[in-house]
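Reader: I am new to this structure. Can we go through it in short questions and answers?

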There are 2 protein chains.
Amino acid sequence: MEYERPQFYHVMQYAADADGDVIDMVSGNPDWEPPAALRDGLREYADADPADFQYPPSEGLVDLRAEIADRRNVDPERVVVTNGTGEANYLAMAGALDRDAGDEVLLTDPVYPYYPGKASMLGAETTLVPTERDGSLDPERFREAASDDTALIVVNTPNNPTGTVYDRETMRALADLAEEVDATLLADEVYDHFDFTGGFESALTLDSDRTIVTTGYSKSMAITGFRVGYAVFPEDLVGSAKTRHMLVNVATSRPAQYAVLRALRGTDADYYAGARELLSQRVETFTDALDAAGAEYTSPDGAFYVLARFDGFPGTMANAERLVDEAGVAGMPGETFGTTRSEWLRFALVTPRVEEAAARLTDYFG
Amino acid sequence: MEYERPQFYHVMQYAADADGDVIDMVSGNPDWEPPAALRDGLREYADADPADFQYPPSEGLVDLRAEIADRRNVDPERVVVTNGTGEANYLAMAGALDRDAGDEVLLTDPVYPYYPGKASMLGAETTLVPTERDGSLDPERFREAASDDTALIVVNTPNNPTGTVYDRETMRALADLAEEVDATLLADEVYDHFDFTGGFESALTLDSDRTIVTTGYSKSMAITGFRVGYAVFPEDLVGSAKTRHMLVNVATSRPAQYAVLRALRGTDADYYAGARELLSQRVETFTDALDAAGAEYTSPDGAFYVLARFDGFPGTMANAERLVDEAGVAGMPGETFGTTRSEWLRFALVTPRVEEAAARLTDYFG
């Protein structure tokens, strides 16, 4: 086995095993309430007919796919409901590689570690393409890195870990590049509801037949444990994705699909705006403290992570463990996200204790 | 893509689109009530703390794995909770092939079509080994078929579609063969609760470090839509299986895991015995009618399928469609299960209308 487990669980376990009180800023678990309609959906489902407890259609509940297709303005046939965005990304990457268009996957650096993990599992080679210090992505760098062997370009926007929202021009250039080199562009948009700029546009609007868009409800509905996501495929890739989904998982868990559908229909914009506002405030609180601690940091345009660089304290696993032991704050070492952020640490702001964590970091580094 | 979608959905769709009333004997969906404790579990979970809606441990809820390990008398570390038995089989097959012990998978003939589908998806070659007309399996045939390239032997017991329960001696011989040729034995025991003989023994009791056992709750708790199953791996294969599970699915849906744990703890033996008794009666009703129709058939020792052969009416897709249109009964064509049962049709007894279906078949063929 040449592929590796992502290191998130290692740091979480280290923090859980620590003696003192540790604030978890590792996991990407929202800490707020799921939509009320989601809980209602579970209650309704608990009383459903036994027939409703049996296999849903493999590609997802008919009503859920229709609801998604309607909201995203796409043909329902292009939608596959998956076991979270994780499976959606797996299907997308496998589909792009199964085309026999090459064995190489271009990834951003820094990179969300599941992407290279999946690529290696699928037998692909990965090439990391550096993004800029401000988090932005220069499509020219991808053009230079691309070759005949390039089958797939993967980007995550809003981005984990940089918080950057790639603009439409950038995404258009990547989609064009994919078309030119006979590759596929995968846009993972799982943080699409956490755009602080108001300017985020989904890659679906590019209307490119070489672009796959994935997302899910884990973050937007605060239900990472439910495992409901989806992918929107170009027409010529959706058939093989449905087959792989069927052969790997048969279908996505039905109670979770039902509850998500109920929540989609019964949740208004205030719910999502409330979470965004909460996160905006946390970003401000946390980055103020980083200023006080003399750290360099990224100010996210979206998602819910902040990268911070403390002089003389590079983002190694050893330092992440030291921060747990000595400051009582658990963050992810930047070295686990590729090569360009090895001096940095990533902090997830999905804890009510952001202010206290910020104070601990200020004390420790200030 | 060289792998194909299993044909179940085609027949179900054909039956659903038919003009007249059609009795569905295609799908393997139990038609009885799930355990009451399962519904209670869903209700409890609907009121849970938001933290309980977040990622469970990737390999499964701690308490669920402990409960399974305790019941199966294995180390919890060997248990991976999966998105149904389907994912468990996928992980098991991928793990056996990732060992670089060969590219060939030995399957029984007749065969559950998902196995060759998964094998092809994973890049393996498949060899079908015929079982006997009475459903039994002669390990010598597998020994003759095995070669240096054999990486995996897959059997399903109680068997779909034959209903045969392989005895301990047979399974021992297959496990020994796997050890001799440096291969892995996968025993899919998803029908383990539907053993009419009382003699079924899990392959776990063989205590072979070359055997993987998979099963799930889809059939035993009448919840095919929940997607909760598990695999018990030998120690040296469990690590890579956990990694693949994480990279493909991250985790198994948590509300479903929670409800299954609650049902495991809160359901007594009468529930399972009741379903077995119901199925036994249906087998008798159905096979009596097949006698009246002059058909040859298998009398299942387990699972809930009957294979029937009608003279001059081979088990082709065209004939399965004809039976839908002309008799109002939907069954699976034997030709979709390999080569040895191409004269047969498979009928699933998980419908309250078994008696009426039997009468229709008697009328049509009698």
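**Rings, strands and two copies**

Author: B:F286 and B:F347 are both buried. Keep in mind that this is a predicted model.

Reader: Is the pair of B:F286 and B:F347 stacked, edge-to-face or tilted?

Author: Ring centres within 6.5 Å make a pair, and planes neither under 30 degrees nor over 60 degrees apart make it tilted. The centres of B:F286 and B:F347 are 5.5 Å apart, with their planes at 55°. The pair is therefore tilted.

Reader: How many residues apart are B:F286 and B:F347?

Author: B:F286 belongs to helix α10 of chain B, residues 269-292. B:F347 belongs to strand β13 of chain B, residues 345-348. The pair links distant parts of the chain, and the separation is 61 residues.

Reader: How many aromatic pairs does the structure hold over all chains?

Author: The count covers all chains. The total is 44 aromatic pairs.

Reader: What kind of aromatic pair do B:Y112 and B:Y115 form?

Author: B:Y112 and B:Y115 are both buried. Their ring centres lie 5.2 Å apart, and the angle between the planes is 75°. An angle over 60 degrees counts as edge-to-face. So the pair of B:Y112 and B:Y115 is edge-to-face.

Reader: Which residues form one aromatic cluster with A:F8?

Author: The cluster lies in chain A. Joining A:F8 are A:Y112, A:Y114, A:Y115 and A:F337.

Reader: Which ring does the charged end of A:R341 sit over?

Author: In chain B, B:R341 lies over the face of B:W344, 4.7 Å from the ring centre. In chain A, the charged end of A:R341 is 4.7 Å from the centre of its ring. That ring belongs to A:W344.

Reader: Is strand β5 of chain A enclosed or open?

Author: Strand β5 of chain A spans residues 150-156. Of its 7 residues, 7 are buried. So the strand is largely enclosed by the rest of the structure.

Reader: Over how many bridges does β5(A) pair with strand β6 of chain A?

Author: β5(A) also pairs with β3(A), in the parallel sense over 4 bridges. There, A:L107 has A:V154 as its bridge partner. On β6(A), residues 184-188, A:T184 is the bridge partner of A:L152. The pairing of β5(A) and β6(A) is parallel, over 5 bridges.

Reader: Which residues touch the most other members of the largest nonpolar core?

Author: This core has 84 residues. A:V154 is in contact with residues including A:M93, A:V105 and A:L186. A second, separate core of 83 residues includes B:L177 and B:Y305. In the largest core, those touching the most other members are A:V105, A:V154, A:F233, B:V105, B:V154 and B:F233.

Reader: Is A:G102 buried or exposed?

Author: A:G102 lies in the loop between α4 and β3 of chain A. Beyond its neighbours within four places in sequence, it is in contact with A:L97, A:D149 and A:A151. Its relative accessible area is 12%, and under 20% counts as buried. A:G102 is therefore buried.

Reader: What kind of axis relates the two copies?

Author: A turn of 180° with a shift of 0.0 Å along the axis lays chain B on chain A, at an RMSD of 0.0 Å. The copies are thus related as by a two-fold rotation axis.

Reader: Which residue of chain B comes closest to the rotation axis?

Author: The copies meet through the same surface, because 100% of the interface residues of chain B are also interface residues in chain A. In chain B, the closest C-alpha to the axis is at 2.8 Å. The residue is B:R43.

Note on methods. Residues are numbered from 1 along each chain as its sequence is written. Chains are lettered from A and ligands numbered from 1 in the order in which they are written. This is a predicted model: local features need pLDDT of at least 70, side-chain atom pairs count only at pLDDT 80 or more; totals for chains, interfaces and linings use all residues. Side-chain values use heavy atoms; hydrogens and water are left out. Rings of Phe, Tyr and Trp (its six-membered ring) pair if their centres lie within 6.5 Å; planes under 30 degrees apart count as stacked, over 60 as edge-to-face and the rest as tilted. Buried means under 20% relative accessible area, exposed over 50%, partly exposed in between (1.4 Å probe, protein chains only). Helices (H or I, at least four residues) and strands (E, at least two) are DSSP runs, numbered from the N terminus. A charge sits over a ring if NZ of Lys or CZ of Arg is within 6 Å of the ring centre and within 35 degrees of the ring normal. Contact means heavy atoms within 4.5 Å. Copies are superposed by least squares on the C-alpha atoms of residues with pLDDT of at least 70 in both. A nonpolar core is a set of buried Ala, Val, Leu, Ile, Met, Phe, Trp, Tyr and Cys residues joined through side-chain atoms within 4.5 Å. Two strands pair if DSSP finds at least two bridges between them.
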